[in-house]
Amino acid sequence: MYNNIRLEKGLYSITGKTFTQALAELDPDANYENTELKGLDAFERQLKRFDIKVKGASSDRVEKFFLSTESAVLFPEYVRRTIKQGMDESSIMGKVAAAVTYTDGIDFRGLTVTKGGNSDTVKEGGTMPVTTVRLASANKTLTKFARRLSCSYESIRKQRLEAFGVILKNLGAAISRDVNGLAMTEITNGVTPMTIAGNDLAYSDLAAFWASMSDCNMTTMVCTPDVMAKILAMDEMKYCVGDYMSGGTVQTPYGVTLVKCPQLTGDIAVGIDQSCAVEMVLGTDIVVDFDQLISTQCNEISCSIMVGFSTLTSGAVKTLKTVKS
């Protein structure tokens, strides 16, 4: 049972496994299928074992993790999960990436998909059109993003985990925003922008931009905050059906989801077919320095991630110059 598992920092060092995966091998989720603990993963069961509450107004203080040498082993995973939560909440990849893959190297070579022929209709004895899949012409090096939080144990030990979690999530959000910027830079590289018809961005420009993606279906448009504000102020946006801003998601009347990205540069909007456009390649998930964090005298929290992007399908990414050249 979960309360008899021996916790040690070596669980963080098992090749090819996360801490939770290593823990789950010792304490399989299947053992709790018909119990009140169903739905908790191996890490969450350990929080319950040591009665550590990480959320809510009555959450425990940071020092609760360090009441024993075993419970201290849980602290790096708590930090990693909370930082990752902040990353996920600030990431635009959920509206952009068609695939998320992992590599064990520091670089990768993506695929490119090109559709040949104007029609899939084939006459008797005719030649079938070909969709070609090739390796990209060159390797791409993964980019490392990292940030360090300077905080002595004395300064955080009495802080509630609910409040401390906000700081960790902000740390993850800061990294995620830079990852968003890299994604936009990588996938728009070499794409020739469309231009607007008049002196200012108009709804007709957006409609023409959407229609320009003939072989794919534009599902997402990534914009800077300024461009997003211009679009939301257009009279045509009031014809959107239903609660089009529910949950912070904004859709045009023709069904394209608008995504705000302050890191987007070059006065462009980026149109994407999420189903086939972008591959996100991770060299690592969020990594934290577990050895240092297990010590009660830690002076800093450092985290990092390695990531890269490639465009999978020709024509699945378009750009629009939002200002007159």
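Which residues is Glu300 in contact with, leaving aside its neighbours within four places in sequence? In this predicted model, the residues that Glu300 touches under that condition are Arg148, Leu149, Ser150, Cys151, Gln292 and Leu293. Glu300 itself belongs to strand β14, which covers residues 300-311, and Glu300 counts as partly exposed because its relative accessibility is 24%. A residue such as this one can also be placed by its distance from another: Glu300 and Ala233 are separated by 67 residues in sequence, and their C-alpha atoms lie 45 Å apart in space.

With that residue as a starting point, we can step back to the whole chain. The chain contains nine helices and 15 strands, and its C-alpha atoms fill a box of roughly 70 × 50 × 40 Å when the box is taken along the principal axes. The chain has 325 residues, and 42% of them count as buried. Among the contacts between residues at least 6 apart in sequence, 76% join residues at least 24 apart.

The interior can be described through the largest nonpolar core, which has 85 residues, and within which Phe65, Tyr78, Met184, Met221, Val222, Ile231 and Phe309 touch the most other members. Helix α6, made of residues 161-188, gives the most to this core, with 10 residues. Phe309 is a useful residue to follow here, and its contacts beyond four places in sequence are with Met93, Phe108, Lys140, Val179, Leu182, Ala183, Glu186, Ile187, Val278, Glu279 and Met280.

The next part to look at is helix α2, which spans residues 42-49 and contains Arg45. At the start of this helix, a side-chain oxygen of Asp41 comes to within 3.1 Å of the backbone nitrogen of Phe43. Within α2, the residues Ala42, Phe43, Arg45, Gln46 and Leu47 are buried, and the buried residues of this helix pack against α1 and α4. For thinking about any such helix, it helps to remember that an α-helix has 3.6 residues a turn, so residues three or four places apart point the same way.

Is Arg45 buried or exposed? Arg45 counts as buried because its relative accessibility is 0%, the cut-off for that word being under 20% relative accessible area. The side chain of Arg45 reaches the backbone oxygen of Leu40 at a distance of 2.7 Å. When residues up to four places away in sequence are not counted, Arg45 touches Tyr2, Asp27, Pro28, Asp29, Tyr32, Leu37 and Leu40.

After α2 comes Asp51, whose phi is positive, near 55°. Most residues other than glycine have a negative phi, and this is the background against which a positive value in a residue other than glycine, like that of Asp51, can be read. Asp51 lies in the loop between α2 and α3, the latter being residues 69-72, and Asp51 counts as partly exposed because its relative accessibility is 44%. Asp267, too, has a positive phi of about 55° although it is not a glycine. Asp267 is placed in the loop between β10, residues 257-260, and β11, residues 268-272, and with a relative accessibility of 44% Asp267 counts as partly exposed.

Another loop, the one between β9 (250-251) and β10, holds Thr252. Thr252 is buried, because its relative accessible area is 4%. Leaving aside its neighbours within four places in sequence, Thr252 is in contact with Met237, Cys240 and Leu258.

The last stop is the empty space that the chain leaves open. Rolling a probe the size of a water molecule over the atoms shows where empty space is left. The largest pocket holds about 560 Å³ of space. Its lining consists of 22 residues, and those that lie nearest the centre of the pocket are Lys17, Thr18, Asp285, Ile286 and Val287. Helix α1 (19-26), helix α4 (75-90) and strand β13 (287-288) each supply at least two residues of this lining. What kinds of residue make up the lining of the largest pocket? The lining divides into nine nonpolar, eight polar and five charged residues. Helix α4 therefore appears twice in this account, as an element that the buried residues of α2 pack against and as one that supplies residues to the lining of the largest pocket.

Terms used: Residues numbered from 1 in each chain as written. Predicted model: local features only at pLDDT ≥ 70, side-chain atom pairs only at ≥ 80, totals over all residues. Heavy atoms only, no water. Helix = DSSP H or I, 4+ residues; strand = E, 2+ residues; numbered from the N terminus. Buried < 20%, exposed > 50% of the residue type's maximum accessible area, 1.4 Å probe, protein only. Polar contact = N/O pair within 3.5 Å; in protein donor to acceptor, adjacent residues only side chain to side chain. Contact = heavy atoms within 4.5 Å. 1 Å grid on protein atoms, 1.4 Å probe; cavity = no way out; pocket = protein on both sides within 12 Å on 5 of 7 lines; lining within 4 Å. Points joined across faces, edges and corners; volume = space filled by probe spheres on them. Nonpolar A, V, L, I, M, F, W, Y, C, P; charged D, E, K, R; others polar. Core = buried A, V, L, I, M, F, W, Y, C linked by side-chain atoms within 4.5 Å.
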